Amino acid sequence: LGLALYASSLCAVSGATFLYHDYCVIGAGPAGLQAAYFLQQAGRDYIVFERSHAPGSFFALYPRHRKLISINKRYTGKSNSEFNLRHDWNSLLSHDRRLLFRRYSRDFFPNADTMVRYLEDFASLLKLRVQYNTAIIHVTLEKNEQAWNGHYFLLTDQDRKNYKCSCLLVAAGTWVPNVVNFPGSEYVEGYETVSINPEDFTGQTVLILGRGNSAFETAENILGVTNFIHMVSRSRVRLSWATHYVGDLRAINNGLLDTYQLKSLDGLLEGDLEDLAIVKDKKGKLHITLRFYLENRNISAGIDSITLPQDELDNFATRAPYDRVIRCLGWKFDFSIYNRSLRMMPGKGNIKKYPQIKPSYESKGTQGLFVLGTASHSVDFRKSAGGFIHGFRYTTRAVHRLLENRHHGVPWPSTVYPITQLTNSIIKRVNEASGLYQMFSVLADIILLRDNATAFEYLEEYPIGVLAELEMQTGRKACNGLFVIIMEYGRNFSGADKDVFYYNRAVGEAQHAWQSNFLHPVIYYYKHLPTEREMRLRPPDWPLPLPNAIHHIVEDFLTDWTAPNAHILPLRRFLENCLSTDLRNFFAESCFLFAFTHQKLPPSCQQGYIGMQGLVGSQELRQHAVQAGLLQDYTHTDFSAGRPPDSHDGSQQQLMRDHGIPVRPLQHLVNAKDE
Amino acid sequence: MPAQKDRWVSSLIFLLFCASSIPQCGSASLQQELSPQHYFSGLEAGKTSLAFFTPSVSPGAQPFWEQIESSAEALQDYGVSVVKVNCPKEDVSRYCGKENALRKAFLFRGNRLIREFPTDALFDVNSIVANVLFALLFNEVKYVETLADLENIENVLKGKSNMVFAYVPATGTAEHRAVMEAAFVYGTIHQFVLTTEAALLKATSHDDPDVSSAWLSFCHCQRATEPAQPCRRTALAQPLTLLNIHRHLKLMGAPLVTKVAEDPEKISTVHLQLGLPLVFILSQKETYEADRRTAEFVAWQLLGKAGVALLSRDLVELNVLHRSNVALKTPDEGMPIQYLVLEDTDEVITLVEDKNKVKQIQEDEQEEEEDEDEKENNNQDIQDDQVVEAVSRDKKRELPLEQILVLTEENFHSSLSEAASTVVLFYASWEAVSLAVLRSYSEVAAHLKGTPGVLLSRVNCWDWPGLCSQENVTQFPTIRIYKEGQQSVTYGGMWGTEELSSFILLSQVSCPLKLATMDEAERYLRGEFPSELSSHHHTSLLGVFSSATSKAREAFEEAGNILSGHVRMGMYFEDDALALSRKYSVSPPALLLARSGGRSVEGMALSKHSVQDMVQMIRYELLDIFPEITVPNLPQYLQLGKPFLILFSAGDISQVESKEMLKLAKGRPQQAFVACWLNLKKTPVGYGILRTYFSTTPPLPLLLWVNLHAGGQVFKFPSEQSITEMNILSWLEKLQAGLEIPSSTLSEEDWKPPLPAYNFLQMMEPSVPELSPHPGDTPAQHRPKSPGGDTAGGDTAAREEPSQESTAEEVGSPGRGLRGTAPRLAARDKQGKRHSEL
């Protein structure tokens, strides 16, 4: 009997009560909806679970003071939609041009309510399959050899309803407030609940714990009405314009830095919150002391018996008592709903608020579980934009492409071009691609060379952390060498203590491009796909292992890398030398000459002219080329037969190579931009 | 060139290796000994050492010791150790005691004193090495003072071994050292004879030698059998350095004439390895003995300048002219072997000497160029792309683009419906080829202005990437013609104004055009119908089908779609099609071709029914029999993959030539070549071709046979013969038989990068391992990490309590740095090498 009971319950667990989907997405925030969009476009079987009744529930509450710090740049002077996404940090990716954030808000820093409205529209206009009011409270695994990853994910919601999926995409964000426990922490108010009405702070002295954007946002709101505000945190303030990391303190929130440095009573302090203690005196004022003083004392004995630092050090900085202490310490991932078998472990060090994942965004503990959105920021924490909408909209797309290849045999999308288009395809992408630009040093465009370098295959926005697994992850072959195109800041330029305004910070000359400080394209050339070992042993601070050759396109004030001499020419030389070929363009006339005088032709003649697509060129252009000494004009030179020639054998070719008249770039003008 | 230098260096290294490996050598270069007793007790039998005795408190002239120290290193290679013995003050023994002994150096073998040198004879490394080796090679190097002494030695050696006779103006010089070092290696093989007597040098040479410079000649005494005859001598033409002597002796050691029975391409001899050319005397069985004597004669003349090989043609299958009797192989890799017909041995010698001279000049030039390159930083930053440069020089000129509608994402689809056909140029405003085409396109616009039903427009893909990818445009530039209700047609021809205009006009008319009446068909063949095309003179194609032959008609229509815009195609399948076909004596399905305005109509049966075959056949039929080759039409003829018989003419060709050539071309229907002509007035770039072939422009008209696809030889029709079918045919026969010598050969060179790229990897490397600022940088550019150092004025609290996080980072980074260093350094070496190969 017991056996029978057991068997029937098992049946119930594994059978009918489960609703099955190939993909389950937890969370209908920006990342969850973005993932849903791609799954929907690909026609996959998916469902999104959202605990609230509407998408983007986090934005319904936060930021408390309602101002988003992601920019909504509505004008760039360009119509290129891909380029414009570089300066639109709020839109999600879709084919629907109505779903651009600039159509939702005129503010440069929009209101959070607009984001909620936008996400609602995104879900409804695109008819994404979101199941609201469903809070997943438990996730576990069911072993099954038939399953894609050897197991199914079993999800349970608050109503004990069960769901089963082959692949789990966790886009739940980080929403559990970070709390510090120290004696007296009960007197501390949390960012989640603190009043946002400045009136409530009139004439008060406030201590804020934390040094992130939420702390400064809170301070900014009450700066005008308080006596003074002190901020304390463990580490120095990190300014985003010095670190080039959008998660650090943004200039829009830094009013308190002003008043601190101008000695207007507000102040910043560094100290470990774990060492802190707060005691309340009889008047209800809060005093700062050290946990160390409390350890030997009986707290119940009352405030008078407790040593305060100023008793020993009478100029102790925070000796003035506070009326309120506010905690603004950020958020962490909710690890609690995952069964131990999923091994969802927190990261180590400063990424402990995020679950441990691989550079492919797959959980380190469980195959088939991918973390998307803010919770996936451990991959590029304090480096790139993977924790923010404008970054994770691209990493989500990358994860989707990985999944398409892994589970549906759809290889990573790519385009094949003839080799003559190599320089062009790179220039096009570095000038407009948004994913490369936002997810600098994380996502890369990959060029896979094909047979004898006569053609190549272009793959966009592949996560470079898994470069070694490229063939397996994309279903494309990389046997003839590859180029990796990423964007980088200068290696020693960014950092909390760096002066980013020093003279001559910008490099203007192409030959010094490797010293460029601001974001600029870098192209790595590998003869063979780097191995996992090479990836591991890459030089510190390098996103990739040492390549066979490297090229930096010199940084540009306008981020417009289309200058023929400063940008395109050095790039062409680099590509030519990697491939050991001549990638110059030739007019049909030159190709005609080569066809009669050479057994082999340069690629541009071979693929263009010989393929009947020769560049005839207008009269003016040929005239210019003649004047530049790059094309010989035979019309007037040599009519009398037998006249000795101006130069000996192969004069034309010599001319081509030596190019008579130098065209010096105006170097002083190039450099003038800093002064 | 570099390859050759490498070979030299490697043989020098080999030489040194031999030298150093014969005797065992000490590990330290200059030994110090505490006392004479200590020194003498340590002397091993058979080991050579050069000792200097100094008072323990050495007043020592520093530069002198430096010379000794560096000579110690050099001598170590010859198994000689150099020892500095400190004499204690009270020592009064043989070597230490006497004042003058301290001004001498002593050479010991074991503990036997071989030679004393006054230290003023040992003024530098050269003199020390030269003198020590001179003393050691007492037997191997004979010193002579008179002509009689020299002749004695010569007579003894005759028939036995060879002699190396060297004159140096003085001993102890670098040349002396070089001779001694060479003698150390070759002393057992050849007898070395040395003199410093200028008179002796004068007596041995015919002309007046320069007695102030050293002189070395190799005396071939081994070959000299007659006692009365002096040994033949070959002087070393280069300065006396170890490398040159070594090279000279190697060459002298090589066999005079190498007999080969192998493909010359595969032969490699000492000469080629040392960067000298190799002359092949091509011989036949009948003349072998005479050829051998010739070869030997030439070999003696060229000794030291080139190698000579005797190749029996009977044994090797050679694909060259029968008349050829000499071949020249140069050491430069990739240079083909030259086969020549020479009359005189002098010609062979001049040929080699000229080659060497040219090479010498080239080398000099190259060096100069390299120097210049370094100064000029390789001109890397100067534009060498003719298209990019031309476009950027033209960018200030405003283009007349008013006729061309600008399309955007918003108006693209609505605009397409406005005209019967819309031509769209997809381009990128930053891309040079696009902009070059845009210029031609604006000319097309001016050309077609007022043509009804055609709308010219453009899309800048840099502004509208979404639109371009939606239209599946992946390359710039792309031109498409959109017609209402039809699939768009992508242009696949030359980017020239004329070609584009003609394409657009032809695309106006459907392809193939369905003709309704006999009259229309006739007018179509005359080029009068349809009226849109009357201004354009194309060959007209007319497919004639009886309604029963629908399969062929379908294929024809399909072929028309493919050839749309390039070919004028019509089709007639009315009931009276049979009448039409009968008129041109064909039976349907048939193809009628009306060339040049319908003056002649050819008819042919349409036997092929597959679309591809039909397209190919139409393309083939459209080619002229004896075309004028122009820049735009060459690719069509190149595709045939045949050699070209091309007549270069300064202007129009004469009636006579034209007739003869046409006869030739028509005479052989399935011919193996393309007969064509080139009008230099119309296609002046032809002068460039002629100059490449002949350096100068030869008299015109000029008939050439150009093997464009196989081998690349260019043959010139003898200018004294007149261009007639007969003459050409007999010349072609001779060509085929291999009886003619090519005037030129097309370069086989690969298209390598014109200039190197910036080697950023190398520039970055110094900064990589230490993670420190680059030494050449201004301090501001990479500020060194100075924790707290320049935060003066920052908040005090920060300094009192350095945050845990930042310290952890700082501690962490050097550790990481070290971990990465070893593999990275290892990898770096490889990188550097690899990159230089690129």
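Buried means under 20% relative accessible area, exposed over 50%, and partly exposed in between, with a 1.4 Å probe and protein chains only. By that scale Asn133(A) is partly exposed, at a relative accessible area of 44%.

This is a predicted model, in which local features need pLDDT of at least 70 and side-chain atom pairs count only at pLDDT 80 or more, while totals for chains, interfaces and linings use all residues. Residues are numbered from 1 along each chain as its sequence is written, chains are lettered from A in the order in which they are written, and side-chain values use heavy atoms, with hydrogens and water left out.

**Backbone outliers**

Most residues other than glycine have a negative phi, and most peptide bonds are trans. The table lists two residues with positive phi. Helices (H or I, at least four residues) and strands (E, at least two) are DSSP runs, numbered from the N terminus.

| Residue | Phi | Loop in chain A | Relative accessible area |
|---|---|---|---|
| Asn133(A) | near 55 degrees | between β3 (130–131) and β4 (136–143) | 44% |
| Ser441(A) | near 65 degrees | between α13 (434–438) and β18 (443–450) | 25% |

Chain B has cis peptide bonds. One runs from Phe476(B) to Pro477(B), with omega near -10 degrees. Pro477(B) sits in the loop between α16 (465–470) and β19 (478–483) of chain B. Another joins Cys511(B) and Pro512(B), with omega about 0 degrees. Pro512(B) is in the loop between α17 (497–508) and β21 (513–514) of chain B.

**Chain A: domains and buried parts**

The domain assignment, automatic or from a database, gives chain A domain 1 (19–176 + 332–403), domain 2 (185–329), domain 3 (414–579) and domain 4 (588–628). The centres of domain 2 and domain 4 of chain A, taken over C-alpha atoms, are 72 Å apart.

Helix α6 (residues 213–222) of chain A is mostly covered, with 8 of its 10 residues buried. Among them are Phe216(A), Glu217(A) and Ile222(A). The cover includes β9 (205–209), β10 (228–233), α8 (255–261), β11 (267–270) and β14 (324–327) of chain A.

His87(A) lies in the loop between α4 (81–85) and α5 (112–125) of chain A. His87(A) is buried, at 17% relative accessible area. Contact means heavy atoms within 4.5 Å. Leaving out residues up to four places away in sequence, His87(A) touches Ile71(A), Asn72(A), Lys73(A), Thr76(A), Tyr437(A) and Gln438(A).

**A sheet in chain B**

Two strands pair if DSSP finds at least two bridges between them. An open sheet of 5 strands in chain B follows the order β27-β26-β28-β29-β30, with mixed pairing. Its edge strands are β27 (674–679) and β30 (744–745) of chain B, each pairing on one side only. Strands β28 (residues 702–706) and β29 (residues 713–716) of chain B run antiparallel and share 3 bridges. Leu704(B) has Lys716(B) as its bridge partner in β29(B).

Helix α24 (residues 685–694) of chain B lies across β26 (644–649), β27, β28, β29 and β30 of chain B, at about 70 degrees to β28(B). Axes are lines fitted to C-alpha atoms, for helices over the stretch in contact, and angles run from 0 to 180 degrees between N-to-C directions.

**The A–B interface**

Chain A gives 122 residues to the contact and chain B gives 114 residues. Together the chains bury about 11600 Å², 58% of it on carbon and sulfur atoms. Buried area is the accessible area (1.4 Å probe) that two parts lose on being put together, summed over both.

Chain A and chain B share 7 salt bridges, each a side-chain nitrogen of Lys or Arg within 4 Å of a carboxyl oxygen of Asp or Glu. A salt bridge links the side chains of Glu410(B) and Arg97(A), at 3.1 Å from N to O.
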